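Work through the three exercises below with the model open. Each task is followed by its solution.

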Amino acid sequence: MSVPVLTFFNNKGGVGKTSLVFHLAWMLSEMGKRVVTIDLDPQANLTSAFLSEDDLELLWDADDTSQRNSTIYQCVRPLTEVGDILAPQTQRISPRLHLVPGDLALAGFEDFLSQEWPNALGSGSLYRPFRILSSFWQVAQMAAQQHGADIILADVGPNLGAINRSALIGTDHVVIPLAADLFSLQGLRNLGPTLQAWRADWRKRVDNWTVPAFPLPAGSMKPVGYILMQHSERLSRPAKAYKKWADRIPSTYQQSVLNQARSPLTPPIDGDCLARLKHYRSLVPMAQEVRKPIFQLTAADGAIGSHSYAVKDAASDFRALADDILKRIGQEEQPP
Ligand SMILES: Nc1ncnc2c1ncn2[C@@H]1O[C@H](COP(=O)(O)OP(=O)(O)OP(=O)(O)O)[C@@H](O)[C@H]1O
Ligand SMILES: [Mg+2]
């Protein structure tokens, strides 16, 4: 049995994907889940949120990384020659939270993935194309096995390229963070059809390999819902503009992502909105400074006075979001 993968995805940048993966990974681990996070964005922001400068230097700036397995790129790089995937050496963030670090060099894997995509539909040997196209999922599963993980959370960059296509075919559940603006709405209109195309194209490839030599991801990419970020930098605009775009999201999501036609006369039911995430203001730099989630900030970190109430609010916001996501993906806590 494979471990479920949950990816936070939107081709619009800066909508809080990385922050959400960071905070939810911590929250789920505090709730007793064993969590593996994987940083599939070549910008590697998730990795720098978790690790200190010194740790990053050891990962990325070593003299010879060719024999190493400490980042996602190092684990898949042998595929670009004659080798196979390396089992990852993960970073232990807490006893129940481990990270497969990202790598700026992963950007160089994009063209390679792109070239292999048609080969998986060919009539020649299918072993290598499938090994390459499913390599992120294979590495994530190896990490999950090492740590007995219940769930894998993946962070990806903001685009619809071949790295993200490979990340998404290895994804069971997709959460879409959004801002209330024209860009996000337009992004949503591209995102839904792209997910549908990737799902169908992967299915065609899997059907082409009648006797697979190793397990493959199902590529189900089931939409879990969206999260509306209220912190957009454009929030200096009047609240009216925010409302205008926020009101259009439910029906655009239903049409583009869920592929559900809706009569213009029926008001959309906003059952797909997982949360409206607050702007956490000065708690954000405070938390980044100590590389902690906002809800773990203490007085010693500077969270005093009204900040300490905001920390408690953040804890209950993220707890509610984590509970809702677990329920929607069928992983809710079983009563003892
Ligand atoms: N709830 C929040 N309150 C305040 N600031 C936030 C919140 N969530 C995210 N931010 C800030 O917004 C910025 C963008 O967030 P983040 O990096 O998580 O977005 P992203 O979608 O991963 O971006 P990219 O597309 O570049 O990967 C960061 O500076 C982050 O600290
Ligand atoms: Mg990011």
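Helices (H or I, at least four residues) and strands (E, at least two) are DSSP runs, numbered from the N terminus. This is a predicted model: local features need pLDDT of at least 70, side-chain atom pairs count only at pLDDT 80 or more, and totals for chains, interfaces and linings use all residues. Residues are numbered from 1 along each chain as its sequence is written, while chains are lettered from A and ligands numbered from 1 in the order in which they are written.

**Exercise 1.** Place Val 5 and decide: buried or exposed?

Step 1. Val 5 sits in strand E1, residues 5–8.
Step 2. Count neighbours: Val 5 has 26 C-beta neighbours inside 10 Å, so it is buried. The cut-offs are 20 or more other C-beta atoms within 10 Å for buried, 12 or fewer for exposed, and partly exposed in between, with C-beta atoms placed from the backbone.
Step 3. List contacts (C-beta atoms within 7 Å). Leaving out residues up to four places away in sequence, Val 5 touches Trp 137, Ala 140, Ile 152, Ala 154, Gly 170, Thr 171 and Asp 172.

**Exercise 2.** Describe how H1 packs against H12.

Step 1. Two packed helices are described by the angle between their axes and the distance between the axes.
Step 2. For H1 (residues 17–30) and H12 (residues 306–328), the angle is about 80 degrees and the axes lie 10 Å apart. Axes are lines fitted to C-alpha atoms over the stretch in contact, and angles run from 0 to 180 degrees between N-to-C directions.
Step 3. H1 and H12 are therefore roughly perpendicular, a label for 65 to 115 degrees.
Step 4. H1 contributes His 23, Leu 24, Met 27 and Leu 28; H12 contributes Phe 318, Arg 319, Leu 321 and Ala 322.

**Exercise 3.** Which helix gives the most to the shell around ligand 1?

Step 1. Ligand 1 is surrounded by 17 residues (C-beta atom, placed from the backbone, within 6 Å). The closest are Gly 13, Lys 17, Thr 18, Ser 19 and Pro 158.
Step 2. H1 gives the most, with three residues.

Conventions. Parallel < 35°, antiparallel > 145°, perpendicular 65-115°, else oblique. Contact = placed C-beta atoms within 7 Å.
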